[in-house]
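Please open the model in your viewer and keep the selection tool at hand. This tour moves from one selection to the next and says what is found at each stop.

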Amino acid sequence: MLTTLRKRTRLIMIIVAVGFIGGFLLGGTLCQVIQSRVSGEENRFLAKGIIGQVGDHKITTNEYRNAVAYTTDKYREENQLRDLTNEDYAQIETRAWSFLISEITWGKLLQRCKVQISEQEIIEIMKANPPEELRTNPELLDSAGNFDQDKYLEVMNNPQNQAYFANYFRELAQMLPKEKFRIDVVNSYRVPGPEIAEALLVTNGQWKVTSLYFGPRLLTEKVEPTEEEVLAYYKAHLKDFRTRETRQLRYVKFPLAVSSEDSAEAEETIQRAFSQLEAGEEFNLTMLDYSDLKADTTSAFFLRERLDKATDTVISKLEPGRHSKPFLTDYGWQIVILDSVRQDSLALRRILVRVKMDAEAAAAVRDAVRDFIERTKEEDFDSVATNTDLTVMRARPMVDQKPNLAGLNLSSPSQLVNWAKQARQGQVMDAPVRGPDGFYVFELSELKPAETQEFEQAKDPASWRVRQEKEKQVWLAQANQVADEIRAGKNLEQYAAENENVELTSEEFSGLFDCRRRKGPEFAGTVLALEPGQTSGAIETNWGAFIIRCDSRQEAGTMTTQTFLQQRQQQIAQEVMQGLLKEPEIKDYRDPFGY
């Protein structure tokens, strides 16, 4: 009786706690937490329960909360036995935000194109396409080891499996409209016949060619442009000497990392739980007292192959009904009890104590971030960083306002990008950017606007280009003269024998891509246009001129018409989809300290 009452008391306390948290969120306090340290336009939106925008769509706190809940469930499914760490929860926030942006963008596109899918369509697809995990389930195979569709339909129609198939229905409902639209886009493009023929030749063609090369060996004296020629070229090509806008970002990182004290505290907690078990307490009640897992005391089945190595080693030494000693895993300290074993699956319960950052230490990091930002209002960014024992690092520069955030793991890159596009040189971002394992504070250290270079700065490259043009005129003039002689009856071999400064080369190419890689696009394009026995005129490139003869051509590749059609349709569809799904402007009003 006392044990039952004790259990109920603990459950009542949990329900009260959950109810308090639910009321805390539903009562709008979440919005107040997010709002606590932002101002201006962001504050006005947050006061209305809006935490961001994707184009003209305003993301509400309810939308965001639902996305986080959905993403958390998906994340738990992916990781099964492994409980979620602090880093996992930060990753969930990032995924939820990306999921929202993707779904809003897709939703607008599907609505605009009136793409819909009916409930009956989804059910028919469910019947014809069982989940992959059920295709190999021994209970759904016939005597020959093949998947039995009738058994699957029985399982699908069993009311006891309603929750499982309801989840499968939701996944298909989310995925199928997008897939339906993709299929429509792929099938909307028809590849013209001439394009097919040329593509097969490009891939399957095998060429033998002979060419004359007219290059620098023809120059009898060094070409030097005059000052007037260089200046005239510069004035005629000013756009070629225009620099691009460059924004250089620098940052310091405040890590959120567990310490040895945090690890010792978790170990101490798990040892107290073990002592309670050894004193005769029920496993479920000890779970409620100590475990970081959500309060679900029901035994859960796991595939043996999904266990991490540490847990599998401990489980292999347990008999059903016995619990383990505390042991350390990658995700925290753990005690497990083995309830039962069934073929390649086993049922167990766990007490898990994560090694997590102390609340006071996390608060100290947040205070340090705020203090750093405040000090940069009066002091130099480098000086504040030095006095705080932080290393200043450079991000990859933004060129023409196109971000390059490679190497930076940020929960909301759009916050940084939107700020950097408007910031002044020397300005420090007034709020940190959250990452899975810490906070980043950014400074726009250098802003170089797009501008036309002065002549003295552009003089050397302009001189090089004028020199290149003058050299090109020399070898191109001779190549055109030789082309006239070839048309008059002289062949390539005869001319090369008479002119040692002209190179004669015979080559074989397996496909046009091979030709382009070795000789350049101008050469490859000419080869493609020539029939066997034909000789081209003078072909100009940046490093010389060519006269090309096609000696032979045959098709010996493996590309088929059907393969090319599929590849070409997929390529066009991908390009169209990228254009249609281009993300609109994104604004993130979330406070990095509040989520």
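What follows is a general view and then a series of stops.

**Before selecting anything**

This is a predicted model, in which local features need pLDDT of at least 70 and side-chain atom pairs count only at pLDDT 80 or more, while totals for chains, interfaces and linings use all residues. Residues are numbered from 1 along each chain as its sequence is written, and side-chain values use heavy atoms, with hydrogens and water left out.

With the whole protein in view, the count is 22 helices and 16 strands, where helices (H or I, at least four residues) and strands (E, at least two) are DSSP runs numbered from the N terminus. Of the 595 residues of the protein, 39% count as buried; here buried means under 20% relative accessible area, exposed means over 50%, and partly exposed is in between, with a 1.4 Å probe and protein chains only. The protein exposes about 33,900 Å², of which carbon and sulfur atoms supply 49%, the areas coming from the Shrake-Rupley method with a 1.4 Å probe, and for residues only the protein chains shown count as cover. Among contacts (heavy atoms within 4.5 Å) between residues at least 6 apart in sequence, 68% join residues at least 24 apart.

**Stop one: strand 1 and its partners**

Select residues 50-54, which make up strand 1; five of the five residues are buried, so this strand is largely enclosed by the rest of the structure. Now add residues 57-60, which are strand 2, and look at how strand 1 and strand 2 pair in the antiparallel sense over four bridges, bearing in mind that two strands pair if DSSP finds at least two bridges between them. Within this pairing, Gly52 stands opposite Ile59 in strand 2. The hairpin of the two strands has two residues between them, and in it Gly55 takes a positive phi near 65°.

Which strand should be selected next to see another pairing of strand 1? Residues 586-588 form strand 16, which pairs with strand 1 in the antiparallel sense over three bridges, and there Gln53 stands opposite Lys587.

**Stop two: three salt bridges**

The structure holds 39 salt bridges, a salt bridge being a side-chain nitrogen of Lys or Arg within 4 Å of a carboxyl oxygen of Asp or Glu.

For one of them, select Lys108 and Asp56, whose closest N and O atoms are 2.8 Å apart. Lys108 lies in helix 5 (residues 86-112) and Asp56 in the loop between strand 1 and strand 2, so the pair ties together parts that are 52 residues apart in sequence. Lys108 counts as partly exposed at 32% relative accessibility, whereas Asp56 counts as exposed at 59%.

Next select Arg549 and Glu493, whose side chains meet in a salt bridge at 2.8 Å, N to O. Because Arg549 lies in strand 15 (residues 544-555) and Glu493 in helix 19 (residues 492-498), the pair ties together parts that are 56 residues apart in sequence. Arg549 counts as buried at 17% relative accessibility, and Glu493 is partly exposed with a relative accessible area of 33%.

Then turn to Lys519 and Glu507, whose side chains meet in a salt bridge at 3.3 Å, N to O. Lys519 lies in helix 20 (residues 512-519) and Glu507 in strand 13 (residues 503-510), so this pair ties together parts that are 12 residues apart in sequence. Are these two residues buried or exposed? Lys519 is buried, and so is Glu507. To see the wider arrangement, add Asp514, Arg517 and Arg518, which salt bridges with shared partners join with Glu507 and Lys519 into one network.

**Stop three: Gln276**

Move to helix 12 (residues 260-278) and select Gln276, which is buried with a relative accessible area of 17%. The side chain of Gln276 makes a polar contact with the side chain of Asp289 at 2.9 Å; a polar contact is a pair of N or O atoms within 3.5 Å, and within protein one must be able to donate a hydrogen and the other to accept it, while residues adjacent in sequence count only if both atoms are side-chain atoms. Leaving aside neighbours within four places in sequence, Gln276 is in contact with Glu281, Leu285, Thr286, Asp289 and Tyr290.

**Stop four: Thr526**

Finally, select Thr526 in helix 21 (residues 521-529), which counts as buried at 13% relative accessibility. The side chain of Thr526 reaches the backbone oxygen of Glu522 at 2.9 Å. Beyond neighbours within four places in sequence, Thr526 is in contact with Ser536, Ile539 and Ile548.
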